[in-house]
Amino acid sequence: MANFIQPINFKVLYVFTPLVFVLTGCSETLHSQTPLSVKPSSANIAYPEIDPILGEKLQPNEELIAQNIAQVIEKSIREQYRAGNALRDAHPKAHGCVRAEFHVSKDIPTQLAKGMFIPERTYQAWIRFSNASNDASNADINKDARGIAIKILGVSGQKILESEKQATTQDFIMINHPVFFANDAKRYLSFMNDVNSHNMIRKLHIPIALGFKGTMNALGARNSQIANPLYARYWSMVPYQLGLGNDRKAVKYSVRACSMPPNNLPKNPSHNYLREALKNTLQSTDACMEFLIQPRTSSQMLIEDSMTEWDEIVAPFYQVATIHIPKQDFDTAEQNKFCENLSFTPWHALPEHRPLGAVNRMRKVIYENISRVRHDMNSAPRQEP
């Protein structure tokens with residue numbers, strides 16, 4: 001293991017720090033002295049129950065760790081931002097929020113026609129494209145994970161999230177990498193402590209804390225440069241339930257362009273060239289993306305293992321919907337403000353699309369608390385469109 005540390009050297013410190021924000025929304029300021037006995041304001045958020053039939057397993061102190069991460073993020077946001085100017089702790093730099101139509105296919109396989117996936121149903125939607133890094137001032141050419149957050153409108157039925165049960169929205173959140181770098185709360189907390197330690201020896205412990213596979217996954221997610229957010233492929237990384245009752249199953253999601261042009265980066269990219277690319281494309285033409293579902297085909301595809309990709313040869317993706325993004329001018333002060341006030345969480349969901357696994361369970365507490373804090377600081381109404 002010591003030989004593994006040496007090639008990574010100090011460069012690894014600059015690679016891992018932004019990865020803290022890729023999926024769980026965790027803050028940079030979690031230190032090793034954070035007590036596990038302290039209950040944050042998020043402690044009153046109901047923690048998800050597990051589904052043993054689908055393979056969920058609750059981990060030791062999982063809920064308490066999630067609550068403490070939420071507490072640390074709240075403290076970080078309040079210290080980092082002034083009232084009226086609080087940004088997201090993760091994915092704060094948006095390339096734009098665009099209007100879209102989400103059209104469920106006519107010939108969707110029967111076993112996938114569950115919840116909101118009603119054949120030939122068309123929904124209105126908002127889509128937010130972003131960089132994962134917590135530093136919104138980073139240039140787009142910097143290597144980073146890229147995100148897509150989709151908010152489907154007009155979805156009837158009571159939702160899972162207790163504070164917004166009557167909301168008519170369904171969210172899907174993905175990044176342009178298929179796997180995460182940690183499976184459990186304890187390992188993730190250990191990684192966070194190493195990243196945020198002022199002791200250089202602790203920082204050199206990062207690859208050991210993650211292990212070889214976790215380190216490779218982290219480097220893979222971080223090592224991304226794209227030419228246009230519309231032409232990247234995105235994955236949910238973690239699984240979700242599809243359906244209810246005895247025929248419910250575990251699935252993952254993906255989104256890709258209907259046609260994939262070459263990923264030709266600009267020769268002299270501007271600081272915000274991804275926003276410019278998105279803007280230039282939608283000023284001249286419509287855009288098309290495909291929404292895919294990957295049903296689990298084997299119990300060996302573990303619900304609690306977010307570090308292993310489900311092989312598409314063994315478990316193929318099926319296109320279930322087409323996303324039509326009409327030609328539009330999205331880059332206005334009013335729409336950018338609307339974009340900042342949106343909240344996305346996988347728990348904005350029908351029971352038929354319940355998030356699965358430890359990472360998703362922790363996100364319920366963390367995302368709910370982040371949204372509350374950010375909206376309170378900005379004196380902005382917290383409501384679904």
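**Notebook: strands E1 to E4, a pocket, and four single residues**

I began in the middle of the sheet and looked up Arg 128, whose bridge partner in E3 is Ala 149. The model is a predicted one, in which local features need pLDDT of at least 70 and side-chain atom pairs count only at pLDDT 80 or more, while totals for chains, interfaces and linings use all residues. Residues are numbered from 1 along each chain as its sequence is written, and side-chain values use heavy atoms, with hydrogens and water left out.

**Entry 1, strand pairing.** I took helices (H or I, at least four residues) and strands (E, at least two) as DSSP runs numbered from the N terminus, and I took two strands as paired if DSSP finds at least two bridges between them. Going outward from Arg 128, I found that Cys 97 has this residue as its bridge partner in E2, and that strand E1 (residues 94–104) is joined to E2 by 9 bridges, the two running antiparallel. On the next step, E2 (residues 122–131) pairs with E3 in the antiparallel sense over 7 bridges, and Ile 127 stands opposite Ile 150 in E3. E3 in turn pairs with strand E4 (residues 169–175), again antiparallel and over 7 bridges, with Asp 171 in E4 as the bridge partner of Lys 151.

**Entry 2, burial of the strands.** Here I used buried for under 20% relative accessible area, exposed for over 50%, and partly exposed for what lies in between (1.4 Å probe, protein chains only). How many residues of E3 are buried? I counted 8 of the 8 in residues 146–153, so the strand is largely enclosed by the rest of the structure. Both faces of E3 are covered, with Arg 146, Ile 148, Ile 150 and Ile 152 buried on one side and Gly 147, Ala 149, Lys 151 and Leu 153 buried on the other. For E2 I found 8 of the 10 residues buried, so this strand too is largely enclosed by the rest of the structure.

**Entry 3, just past E3.** I then looked at Gly 154, which has its place in the loop between E3 and E4 and counts as partly exposed at 39% relative accessibility. With contact meaning heavy atoms within 4.5 Å, and not counting residues up to four places away in sequence, Gly 154 touches Arg 121, Tyr 123 and Thr 168. Gln 170 is 16 residues from Gly 154 in sequence, and the two are 8.6 Å apart in space, C-alpha to C-alpha.

**Entry 4, Cys 339.** This residue lies in helix H8 and counts as buried at 2% relative accessibility. Leaving out residues up to four places away in sequence, I found that Cys 339 touches Arg 88, Ala 94, Gly 96, Cys 97 and Arg 128. The C-alpha atoms of Cys 339 and Trp 126 are separated by 8.9 Å, although the two are 213 residues apart along the chain.

**Entry 5, the largest pocket.** I worked on a 1 Å grid over the protein atoms alone, where a pocket is an open set of points with protein on both sides within 12 Å along at least five of seven lines, and lining residues have an atom within 4 Å of a point. The largest pocket has a volume of about 250 Å³; of the 15 residues that line it, the closest to its centre are Gly 84, Ala 86, Leu 87, Glu 340 and Asn 378. Which element gives the most to the lining? Helix H8 (residues 333–341) does, with 3 residues.

**Entry 6, two further buried residues.** Ser 224, in the loop between helix H6 (206–222) and strand E5 (234–235), counts as buried at 8% relative accessibility. Aside from its neighbours within four places in sequence, Ser 224 is in contact with Asn 142, Lys 143, Asp 144, Arg 146 and Asn 176. Glu 290, found in strand E8 (residues 287–295), is buried with a relative accessible area of 13%, and its C-alpha atom is separated by 7.8 Å from that of Val 320, 30 residues apart along the chain.

**Entry 7, the whole protein.** I closed with the totals: the protein has 9 helices and 9 strands, and buried residues make up 57% of its 385 residues. Among contacts between residues at least 6 apart in sequence, 79% join residues at least 24 apart.

Terms used: 1 Å grid on protein atoms, 1.4 Å probe; cavity = no way out; pocket = protein on both sides within 12 Å on 5 of 7 lines; lining within 4 Å. Points joined across faces, edges and corners; volume = space filled by probe spheres on them.
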